[in-house]
Amino acid sequence: MTNTAHVFVALTTLALILFMARMLRKHNFKSKYTLLWLAIAVIMGTLAVFPGLIDNASYAVGVDYPPAAFLGVAVAFLLVVVVQYSWELSRLEERSRVLAEEVAFLRAEQELLSARVSALSDEVAP
Amino acid sequence: MPALNEAATLPEVLDRLHREVPWADVVVVDDGSTDETAAVARAGGATVLSLPFNLGIGGALRTGFRYAVDHGYDRAVQVDADGQHDPGAIEKLFAALDDADLVIGSRFGGTGDYEVGRTRRGAMRLLQFTLRLLSGRTFTDTSSGFRAFNRPLLEYFSKSYPSEYMESVEALIGAYYAGFRIAEVPIEMHQRAGGAPSALRLKLAYHYIRVIVTILIGAGRRPQTGSTK
């Protein structure tokens with residue numbers, strides 16, 4: 001990696017770490033997500049500062065072209081995250097569906113009760 | 001009766017229901033309508049379940065099933081809010097419920113004036129073929145919105161009714177695999193009294209594909225024959 005690229009990647013990952021820390025502080029994410037992305041940012045930062053790590057790890061598992069190893073791991077990781085989100089989304093959709101049903105039942109019940117109450121108060125107060 | 005923006009046709013439909021099946025309790029599930037559907041239904045003497053946002057037909061139906069189960073009904077019938085179904089046929093569906101858990105009012109083989117376009121008919125044939133492959137039975141109308149359910153099936157559907165569009169096919173095969181008895185009864189069917197058809201062609205094609213893939217993937221489950229749950 002050239003020096004310019006090196007500095008650029010390091011700065012980008014630093015920005016990423018700061019952004020994640022900010023998100024965590026403002027409670028924009030659930031902390032489980034922030035922790036995940038913070039960990040990713042820290043790993044990226046480490047790799048940016050010590051590019052030799054990727055090369056050595058890549059040769060160790062028998063990949064001759066280190067960027068391919070890095071991209072491969074990144075794609076696999078993102079795939080897992082997206083699948084997990086699909087699962088999470090389905091679960092949330094199901095929950096909001098149940099909530100919507102409950103709201104409909106409560107509304108109907110409330111209408112019935114207020115009709116009864118007004119009928120009763122008509123009887124009591126002439 | 002699931003209803004989405006059906007204020008125009010609802011009064012007449014409710015009126016006919018009250019005249020032809022006066023013993024029935026009518027529940028309209030208002031699926032997040034933006035028109036006066038809920039008010040019109042209430043004025044027409046129906047119990048209204050107003051969903052806070054649109055859940056789709058499957059979600060509206062499950063709401064209805066849950067309501068039926070919670071209020072101790074032994075049987076229920078699903079009717080479209082646009083006047084396509086003849087309330088006079090409800091007795092016929094209920095009669096068939098003696099020997100089945102799910103009774104489907106089929107638009108085909110009946111004597112009504114209902115017709116479908118060529119594309120849609122092709123897609124329906126494909127779906128019918130897939131179902132025959134899986135269940136060994138021919139269902140003439142898998143997407144009918146005129147169906148009767150007994151208590152065990154209401155309980156099953158109140159928990160497991162699929163939520164996506166064309167849910168009736170998934171529900172049908174789900175009920176079949178769960179060991180419920182399914183019957184079809186030919187009914188008379190009219191063209192829509194008003195309102196717009198609920199899906200466009202391309203969207204429809206997508207949903208046909210999605211449903212076929214879904215039921216094929218689910219095909220690994222074996223039917224629990226003999227079970228009467």
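This report describes a four-stranded sheet and a helix pair in chain B of a predicted model.

**Chain B overall**

Chain B holds 8 helices and 7 strands. Of its 229 residues, 44% are buried. Among contacts in chain B with a separation of 6 or more, 77% are between residues 24 or more positions apart.

**The sheet**

Four strands of chain B form an open sheet in the order β4-β6-β5-β7, and the pairing is mixed. β4 (75–78) and β7 (182–186) of chain B are the edge strands, each pairing on one side only. From one strand to the next, the twist averages 15°.

Strand β6 (residues 147–150) of chain B runs antiparallel to strand β5 (residues 102–106) of chain B, and 3 bridges join the two. β6(B) also pairs with β4(B), again in the antiparallel sense, over 4 bridges. The table lists bridge partners found in β6(B).

| Residue | Partner in β6(B) |
|---|---|
| V77(B) | A148(B) |
| V103(B) | A148(B) |
| L102(B) | F149(B) |

A148(B) thus appears twice, as the residue opposite V77(B) and as the bridge partner of V103(B).

Which residues cover the two sides of β6(B)? R147(B) and F149(B) lie on one side, A148(B) and N150(B) on the other, and all four are buried, leaving both faces of the strand covered.

Helix α6 (residues 151–160) of chain B lies across β4, β5 and β6 of chain B. The direction of α6(B) is at about 100° to that of β6(B).

**The helix pair**

Helix α5 (residues 118–135) of chain B packs with helix α7 (residues 167–177) of chain B; their axes come within 11 Å and cross at roughly 10°. Angles under 35 degrees count as roughly parallel, and α5(B) and α7(B) are therefore roughly parallel to each other.

On the α5(B) side, the residues in contact are L127(B), L131(B), L134(B) and S135(B). They meet V169(B), I173(B) and Y176(B) of α7(B). How do the residues of this contact divide into nonpolar, polar and charged? There are 6 nonpolar residues and 1 polar residue, with no charged ones.

**Summary**

In the sheet, β6(B) stands between β4(B) and β5(B) in the strand order, with both of its faces covered. α6(B) lies across these three strands, while α5(B) and α7(B) meet through a contact of 6 nonpolar residues and 1 polar residue.

Terms used:
Residues are numbered from 1 along each chain as its sequence is written. Chains are lettered from A and ligands numbered from 1 in the order in which they are written. This is a predicted model: local features need pLDDT of at least 70, side-chain atom pairs count only at pLDDT 80 or more; totals for chains, interfaces and linings use all residues. Axes are lines fitted to C-alpha atoms, for helices over the stretch in contact, and angles run from 0 to 180 degrees between N-to-C directions. Angles under 35 degrees count as roughly parallel, over 145 as roughly antiparallel, 65 to 115 as roughly perpendicular and the rest as oblique. Two residues are in contact if their C-beta atoms, placed from the backbone, lie within 7 Å. Ala, Val, Leu, Ile, Met, Phe, Trp, Tyr, Cys and Pro count as nonpolar, Asp, Glu, Lys and Arg as charged, and the others, Gly among them, as polar. Two strands pair if DSSP finds at least two bridges between them. A residue is buried if 20 or more other C-beta atoms lie within 10 Å of its own, exposed if 12 or fewer, and partly exposed in between; C-beta atoms are placed from the backbone.
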